[in-house]
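Work through the exercises below with the model open beside you. Try each task before reading its solution.

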Amino acid sequence: MPYNTLPPFPDDVRTHPLLIIDYNLIKAGDKEEEDRLWKAATTIGFWYLKNHGADQEVSDMFEMGAETMALPLEERMKFEQGDEGRSFGYKKAGANAVDAAGKNLDTVEFINVSKDDALAYPQVVHRTYPSTVNARMENTIAPFVHKALEVNYVTLDIFNQRLGLPQGTLEKLHILEEHSGSEARCIRNPPPKVKTAAATPALGAHTDFGSLSFLHNRLGGLQVMPPGHDEWFYVRPIPGHAICNIGDALSLFSGGILQSNIHRVVPPPGAQAEYERWSLVFFTRPGNSCVLRALVESSPIIAEAVKNQPGRNFETGSTAAEWFARRIKYQRINNRTGPETWAASRGTEHTPTVV
């Protein structure tokens, strides 16, 4: 459905303002804009990004997603993620729990395409994909992956400088050549079947697994719970603006200076609730072998931050690959044994039991 035919986001729901960052300015090294980015990243961990130059790539990716979801379910299920902690491939609706009780299941379906598979195509690195994905791999998915990585590498470089790390430290942890959990995801969420379902999360409360997320929404539904709050706030979608946020890995690398904030997805508010909700995201994640821990030896700034938070553990003992697989595996309802399964799927959430 064309964006301009969708009903507007309502004005009578509670929203949380996000800073709007101009990608052209931060790419050009504008210090004032970098200051604003740093403020967003160290407070709520979310910001809007304008002038990112990916509008065509985003539109093409939504087309790929629609083509894939139009395949018969039997065909899509041939490429399902499975229950062993693998993310790449198709995820059916209802495969994941959305809370510790395990009574409610997610309502979203999505297709995840690995960065490694997209850039190596036609070589298979991790897995195969539906025909609709393969047909778009070189002319749609790879261009989107390249654009998202460009944006996120610019952002990583700014954070690297502000954290006082040796030049290129964060980029090396996300080096393109190393296999990783980085992936493009196109998500479809149908309208709720009954009005009482409107309050049930479509995607449960969580922090993102990796380092940076580059998100594109066409309807509302994304909610954040800022640190110090116990209520959810909608994030208003703005046409042509990406929503970017920090994930667990960057929060850990930075000793908690960069904020990986908890968020969830609920059905869109108001008249938007009657429509399918489509979203697209690229997750930039560290190389599989990287150990998730604060980079205290490389930065006095990070060392001081860790020293000032004696109650927090920044030594996970986990590689990025292990962290990623654990979080995915224990969200799967087929792996559930009790509330402890949900607990095992958690990351750096400041309120890990919230739904």
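Buried means under 20% relative accessible area, exposed means over 50%, and partly exposed lies in between (1.4 Å probe, protein chains only). The model is predicted: local features need pLDDT of at least 70, side-chain atom pairs count only at pLDDT 80 or more, and totals for chains, interfaces and linings use all residues. Residues are numbered from 1 along each chain as its sequence is written, and side-chain values use heavy atoms, with hydrogens and water left out.

**Exercise 1. Place Val133 and decide whether it is buried or exposed.**

Step 1. Find the element. Val133 sits in helix α6, residues 131-134. Helices (H or I, at least four residues) and strands (E, at least two) are DSSP runs, numbered from the N terminus.

Step 2. Apply the cut-off. Val133 has a relative accessible area of 0%, so it is buried.

Step 3. List the contacts (heavy atoms within 4.5 Å). Neighbours within four places in sequence aside, Val133 is in contact with Met64, Thr68, Ile111, Val113 and Ile141.

Step 4. Check a distance. Val133 and Asn112 are 21 residues apart in sequence, and their C-alpha atoms are 9.8 Å apart in space.

**Exercise 2. Do the same for Ser251: is it buried or exposed?**

Step 1. Ser251 belongs to helix α9, residues 248-253.

Step 2. Its relative accessible area is 4%, so Ser251 is buried.

Step 3. Residues up to four places away in sequence are not counted. Ser251 then touches Ile246, Gly256, Leu258, Ser260, Arg312 and Phe314.

**Exercise 3. Trace the open sheet and find its edge strands.**

Step 1. Write the order. 8 strands run β1-β2-β10-β7-β12-β5-β4-β3, with mixed pairing. Two strands pair if DSSP finds at least two bridges between them.

Step 2. Find the edges. β1 (20-22) and β3 (89-91) each pair on one side only.

Step 3. Add the twist. It averages 25 degrees from one strand to the next. Axes are lines fitted to C-alpha atoms, for helices over the stretch in contact, and angles run from 0 to 180 degrees between N-to-C directions.

Step 4. Place a helix on the sheet. Helix α2 (residues 31-43) lies across β1, β2 (46-50) and β10 (242-246), at about 140 degrees to β1.

**Exercise 4. Describe strand β12: which strands pair with it, and how many of its residues are buried?**

Step 1. Take one partner. β5 (residues 183-189) pairs with β12 in the antiparallel sense over 7 bridges. Ile187 stands opposite Ser279.

Step 2. Take the other partner. β7 (residues 212-217) is antiparallel to β12, joined by 6 bridges. Here His216 faces Leu280, and Phe214 stands opposite Phe282.

Step 3. Count the burial. In β12 (residues 277-284), 8 of 8 residues are buried.

Step 4. Split the faces. Arg277, Ser279, Val281 and Phe283 are buried on one side, and Trp278, Leu280, Phe282 and Thr284 on the other.

**Exercise 5. What is the volume of the largest cavity, and which residues are closest to its centre?**

Step 1. Define the object. On a 1 Å grid over the protein atoms alone, a cavity is a set of points where a 1.4 Å probe fits but cannot get out; lining residues have an atom within 4 Å of a point. Grid points are joined across faces, edges and corners, and a volume is the space filled by probe spheres set on the points.

Step 2. Read the volume. The largest cavity has about 460 Å³.

Step 3. Find the centre. Of 36 lining residues, Arg185, Leu203, His206, Asp208 and Phe283 are the closest to it.

Key:
On a 1 Å grid over the protein atoms alone, a cavity is a set of points where a 1.4 Å probe fits but cannot get out, and a pocket is an open set with protein on both sides within 12 Å along at least five of seven lines; lining residues have an atom within 4 Å of a point.
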